[in-house]
Amino acid sequence: MCSIDLIFSSDSPDMTCALASNLSKLLKPGDVVLLSGNVGAGKTHFARCVIQASLIQHEDVPSPTYTLVQTYQAQTGEIWHSDLYRLSDLSEIEELGLLQAFSDAICLVEWPDRLGECAPPSALYVTLEPDPSEDARIIRMTSSDASWAHRLKGLSHV
């Protein structure tokens with residue numbers, strides 16, 4: 001049973017970015033956000049907006065598709081952005097340092113299904129799905145960790 005289940009409708013990439021930016025203000029080291037959705041659903045866009053809203057100094061935020069992990073220094077600590085699409089074996093999660101980062105940094109993980117049983121039970125799941133309109137998305141945030149219910153209260157994309 002989920003302790004939190006929020007659904008947002010976004011009519012544009014800008015609205016999606018506003019929601020991600022608002023979420024960034026609530027994140028702290030040890031938070032893990034697991035981003036799911038089909039190719040092109042907006043996972044990287046969402047993560048990029050979270051990161052850019054958190055940075056001390058603006059910088060380019062490329063997709064970690066080929067590097068698997070990119071790290072950034074944010075106002076609240078380190079942010080790890082990982083894309084596990086190309087992950088070939090669960091042992092790579094440890095090699096990348098992700099398990100330690102889950103407790104020390106803010107982690108944004110695309111393709112979290114590749115984590116298997118390594119997914120932290122306290123993670124916030126963010127699922128992006130296309131809506132009938134070209135740029136529209138349905139964004140669902142769920143977690144079984146009760147702390148997210150209080151922290152996400154009042155979260156919006158306006």
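In the predicted model, the largest nonpolar core comprises 29 residues, of which Leu-23, Leu-35, Phe-46, Leu-108, Val-126, Met-141 and Leu-152 touch the most other members. At least two residues of this core are supplied by each of strand 1, helix 1, strand 2, helix 2, strand 3 (69-74), strand 5 (106-110), strand 6 and strand 7, and the largest share, five residues, comes from helix 2. Once neighbours within four places in sequence are left aside, Leu-108 is found in contact with Val-33, Leu-35, Ala-47, Val-50, Ile-51, Ile-79, Trp-80, His-81 and Ser-82. A second core, separate from the one just described, holds 18 residues, including Val-69, Leu-84, Leu-115 and Ala-123. In soluble globular proteins, nonpolar side chains tend to be buried together.

Helix 2, the source of the largest share of the 29-residue core, has 12 residues and reaches 17 Å from its first C-alpha to its last, close to the 16 Å expected at 1.5 Å a residue. Its buried residues are Lys-43, Thr-44, Phe-46, Ala-47, Cys-49, Val-50, Ile-51 and Ser-54, and two of the residues named here, Phe-46 and Ala-47, also appear above, the former among the core members that touch the most others and the latter as a contact of Leu-108.

Helix 1 (residues 13-24) likewise contains 12 residues, which at 1.5 Å a residue should span 16 Å, and the end C-alpha atoms are indeed 16 Å apart, in agreement with that expectation. Within helix 1, burial extends to Thr-16, Leu-19, Ala-20, Ser-21, Asn-22, Leu-23 and Ser-24, and what covers these buried residues includes strand 1 (4-10), helix 2 (43-54), strand 6 (124-130) and strand 7 (137-143). One of the buried residues of helix 1, Thr-16, is joined through its side chain to that of Ser-10 by a polar contact of 2.7 Å. Ser-10 is placed in strand 1 and, with a relative accessible area of 1%, is buried. Ala-18, by contrast, which also belongs to helix 1, counts as partly exposed because its relative accessibility is 25%. The C-alpha atoms of Ala-18 and Asp-113 are separated by 26 Å, these two residues being 95 residues apart along the chain.

The count of salt bridges comes to four. In one of them, Asp-5 pairs with Arg-140, the closest N and O atoms being 2.7 Å apart. Asp-5 lies in strand 1 and Arg-140 in strand 7, so this pair ties together parts of the chain that are 135 residues apart in sequence. Both partners are partly exposed, Asp-5 at 40% relative accessibility and Arg-140 at 35%.

Two further salt bridges involve Asp-31, which counts as buried at 5% relative accessibility. Lys-28 forms one of them, with 3.5 Å between the closest N and O atoms, and Lys-28 is partly exposed, having a relative accessible area of 42%. Arg-151 forms the other, in which the closest N and O atoms are 2.4 Å apart. This second pair links distant parts of the chain, since Arg-151 is in helix 5 (residues 147-151) whereas Asp-31 is in the loop between helix 1 and strand 2 (32-36), 120 residues apart. Arg-151 is itself buried, with a relative accessible area of 17%. Through shared partners, these salt bridges join Lys-28, Asp-31 and Arg-151 into one network.

Positive phi angles were also noted at residues other than glycine. Leu-68, in the loop between helix 2 and strand 3, has a positive phi of about 75 degrees and is buried, its relative accessible area being 11%. Trp-111, in the loop between strand 5 and strand 6, has a positive phi of about 60 degrees and counts as buried at 17% relative accessibility.

With regard to confidence in the prediction, the mean pLDDT of the protein chain is 91, and 97% of its residues reach 70 or more. Among the elements of the chain, the lowest mean pLDDT, 87, belongs to helix 3 (residues 91-96), and the highest, 98, to strand 2. Where pLDDT is low, the predicted coordinates should not be read in detail.

Definitions and conventions: Residues are numbered from 1 along each chain as its sequence is written. This is a predicted model: local features need pLDDT of at least 70, side-chain atom pairs count only at pLDDT 80 or more; totals for chains, interfaces and linings use all residues. Side-chain values use heavy atoms; hydrogens and water are left out. Helices (H or I, at least four residues) and strands (E, at least two) are DSSP runs, numbered from the N terminus. The expected span of a helix is 1.5 Å times one less than its number of residues. Buried means under 20% relative accessible area, exposed over 50%, partly exposed in between (1.4 Å probe, protein chains only). Contact means heavy atoms within 4.5 Å. A salt bridge is a side-chain nitrogen of Lys or Arg within 4 Å of a carboxyl oxygen of Asp or Glu. A polar contact is a pair of N or O atoms within 3.5 Å; within protein, one must be able to donate a hydrogen and the other to accept it, and residues adjacent in sequence count only if both atoms are side-chain atoms. A nonpolar core is a set of buried Ala, Val, Leu, Ile, Met, Phe, Trp, Tyr and Cys residues joined through side-chain atoms within 4.5 Å. pLDDT is the predictor's confidence in each residue, from 0 to 100.
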